[in-house]
Amino acid sequence: MERQNSKKELDFKGKKVLVFGLGLLGGGVATTNWLIKHGAVVTVTDLKDKDQLEHSLENIKGKVKLSLGGHKDEDIKDNDIIVINPDVPINNRFVELARKLGKTVENEATIFYKSTTRPIIAITGTRGKTTTANWAGHFLKAKKKTIVTGNSYIEPMMKALDKVGKYSVVVNELPSFQLELFDEVSEAPEIAVITNIYQDHLNRHGSLRNYANTKANIFRSQSSDQNLILNYDNDWTEFFLKQKPKSKIWFFSLLTLPKQLNGVFYKDDTIYFQSNREVKKALDVKGFIEKWGGHNLQNLLVSSLAAHLGGISWPIIQKNIKTLPQVPFRQEVIFENEQIRVVNDTAATSPDGGIAAVKRFGSPSCVLITGGTDRQLDYSQWAKVVPKFVKPENIIMIDGSATGKMLAVLGSKGHKIRVFNTLEECVVAALSRLSGHSGATLLFSPASKSFEKFKNEYDRGDKFNKLIGEKLK
């Protein structure tokens, strides 16, 4: 697997660059520091003020001009290159102004891909992309020097960029916000992965079709000797195939694949690898579902296939299944004794994520904390599934714009649900509900975003962990 990138690293030396959105998660800081290091004259603008950005500003290593508390046309006009934060949509009026004025518009993903010469396995999708990236990296590291990049709980791309030359391969998680400019990038990943498509980010993309179309940018520039991995079981795979990818297509499935397709599938505690109509046993996964849950079987299928296409043999992958890492905040068991198990699933920011969690951990003695910020998502399916796995009287909600929608679709089943204004009140109520039970589970799976009460889902997860640590001392 070799990188086909022939373009030289972008030259920012002496260029006036506007970092449009510094943010709080670290990606904006990493981008700013990289630009400073590479000789750019940097201006940072953000809607937040100096006090709100205090932690981020403290971590900037060098001199920058600040334009905080709002955006100005002059900042666009006065700079040569505009580097937009993932939270800034490409139809933002300032981004549109930059394009109208002929400015170069980049984000951290486009800079990374234009500058990297190492082969890349790029992973996107609605659910499972972080786990898939971590697990694919885990398998690859058994034989290759591998770096995993992409978000604040892996490593921001721009923080990793200057050291990727020390590695043999890069595994890169790409959310849809990073892919909005990706159709303008000619340097495609050697292996592109789309784990699945479910409703998400509709407040950003407008429709599920637009969302899927943005995800498709991950493979648009691929060539016939590169690889694309798709979920055979997902309804949106047909949409991706209609885009007529030039790359070689592989599938993963929980059901036996048709003979003419290449990929991996699961049957009777075994993962099979199918290529050119030949099928062979690849992995023994007996006991995996009991330990990791059914949804993680899909993550194992796709991560092992990506690693295998990246040059790792099936025996080596088999050996390393037993040491797979638990990804923070994704159905993460953070506390367990004989009486109670506590699961932090703050990364479940959509109804589908919440459904996966209750299917794995729900029981008559499970107490669920859920609710949060709405993003124009449909909770009807969530409302049908959750009461089958968690008693309504065992559901506790934190107040928010999504919470009202969730209660509305629950109908009469929502009458026994208690709603609290703070996360601490929710935790106290949940632990009280669990008092006296043995082998019970406290599941924190919001199924929604967090911005009304928290900086982001990671801040929400950190605060939950802190509260559990305090209450269960």
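This is a chat about a predicted model, going from its sheets to a few single residues.

Colleague: I'm new to this one. What order do the strands take in the sheet of 5 strands?

Modeller: That open sheet runs E3-E2-E1-E4-E5, and the pairing is parallel.

Colleague: Which strands stand at the edges?

Modeller: Those are E3 and E5, the latter covering 104–106. Each has a single partner strand, so one side of each is left without a neighbour in the sheet. From one strand to the next, the twist averages 20°.

Colleague: What packs on that sheet?

Modeller: Helix H4, residues 93–100, does. It touches E1, E4 (81–84) and E5, and its direction makes about 140° with that of E5.

Colleague: How many bridges are there between E1 and E2?

Modeller: There are 5, with strand E1 (residues 16–20) and strand E2 (residues 41–46) pairing in the parallel sense. If you want a spot to look at, find Lys16, which has Val41 of E2 opposite.

Colleague: Let's go back to E3 and pick out Ser67. Is Ser67 buried or exposed?

Modeller: Ser67 is buried, because its relative accessible area is 6%, and buried means under 20%. You'll find this serine in strand E3, residues 65–68.

Colleague: Which side chains make polar contacts with the side chain of Ser67?

Modeller: One is the side chain of Lys72, at 3.1 Å. Another is that of Asp75, with a polar contact of 2.7 Å. Setting aside neighbours within four places in sequence, the residues in contact with Ser67 are Thr43, Val44, Thr45, Asp46, Lys72 and Asp75.

Colleague: OK, on to the other sheet. How are the 9 strands ordered?

Modeller: The order is E7-E8-E6-E9-E10-E11-E12-E13-E14; it's an open sheet too, with mixed pairing. Strand E7 (146–149) and strand E14 (278–284) stand at the edges. Each of those has a single partner strand, so one side goes without a neighbour in the sheet. Ignoring direction, neighbouring strands are turned by 20° against each other on average.

Colleague: And what joins E7 to E8?

Modeller: 4 bridges, with the two strands running parallel; E8 is residues 169–173. Thr149, for one, has Asn172 in E8 standing opposite.

Colleague: Which strands does helix H13 touch?

Modeller: Helix H13 (residues 294–309) packs on the sheet and touches E6, E9 (191–194), E10, E11, E12 (263–267), E13 (270–275) and E14. Its direction makes about 150° with that of E11. Then there's helix H5, residues 108–115, which lies across E6 (120–124), E7 and E8 and runs at about 160° to E6.

Colleague: Switching to rings: how many aromatic pairs does a search of the whole structure find?

Modeller: 17. Take Tyr232 and Phe251 among them: the ring centres are 5.7 Å apart with the planes at 85°, so this pair is edge-to-face.

Colleague: Where in the chain are Tyr232 and Phe251?

Modeller: They sit 19 residues apart, so to speak in distant parts of the chain. Tyr232 is in the loop between strand E10 (227–231) and helix H11 (237–242), while Phe251 belongs to strand E11, residues 248–253. Tyr232 counts as partly exposed at 36% relative accessibility, whereas Phe251 is buried at 5%.

Colleague: Which residues form an aromatic cluster?

Modeller: Phe219, Trp236, Phe239 and Phe240 form one.

Colleague: What about charges, which rings do Arg93 and Lys145 sit over?

Modeller: The charged end of Arg93 is over the ring of Phe94, 4.1 Å from its centre. For Lys145, the ring is that of Tyr167, and the distance to the centre is 5.4 Å.

Colleague: Next, helix H16. Which of its residues are buried?

Modeller: In H16 (residues 380–389), the buried ones are Trp382, Ala383, Val385, Val386 and Pro387. These pack against helix H15 (351–361), strand E17 (366–370), strand E18 (395–398) and helix H17 (401–410).

Colleague: Last one: where is Asn456?

Modeller: Asn456 is in the loop between strand E20 (440–444) and helix H19 (457–471). This asparagine is buried, with a relative accessible area of 7%. Beyond neighbours within four places in sequence, Asn456 is in contact with Leu25, Ser450 and Phe451.

Conventions:
Residues numbered from 1 in each chain as written. Predicted model: local features only at pLDDT ≥ 70, side-chain atom pairs only at ≥ 80, totals over all residues. Heavy atoms only, no water. Buried < 20%, exposed > 50% of the residue type's maximum accessible area, 1.4 Å probe, protein only. Polar contact = N/O pair within 3.5 Å; in protein donor to acceptor, adjacent residues only side chain to side chain. Contact = heavy atoms within 4.5 Å. Phe/Tyr/Trp six-rings, centres within 6.5 Å; stacked < 30°, edge-to-face > 60°. Lys NZ or Arg CZ within 6 Å of the ring centre and 35° of its normal. Pairing = 2+ DSSP bridges. Axes fitted to C-alpha atoms, helices over the stretch in contact; angles between N-to-C directions.
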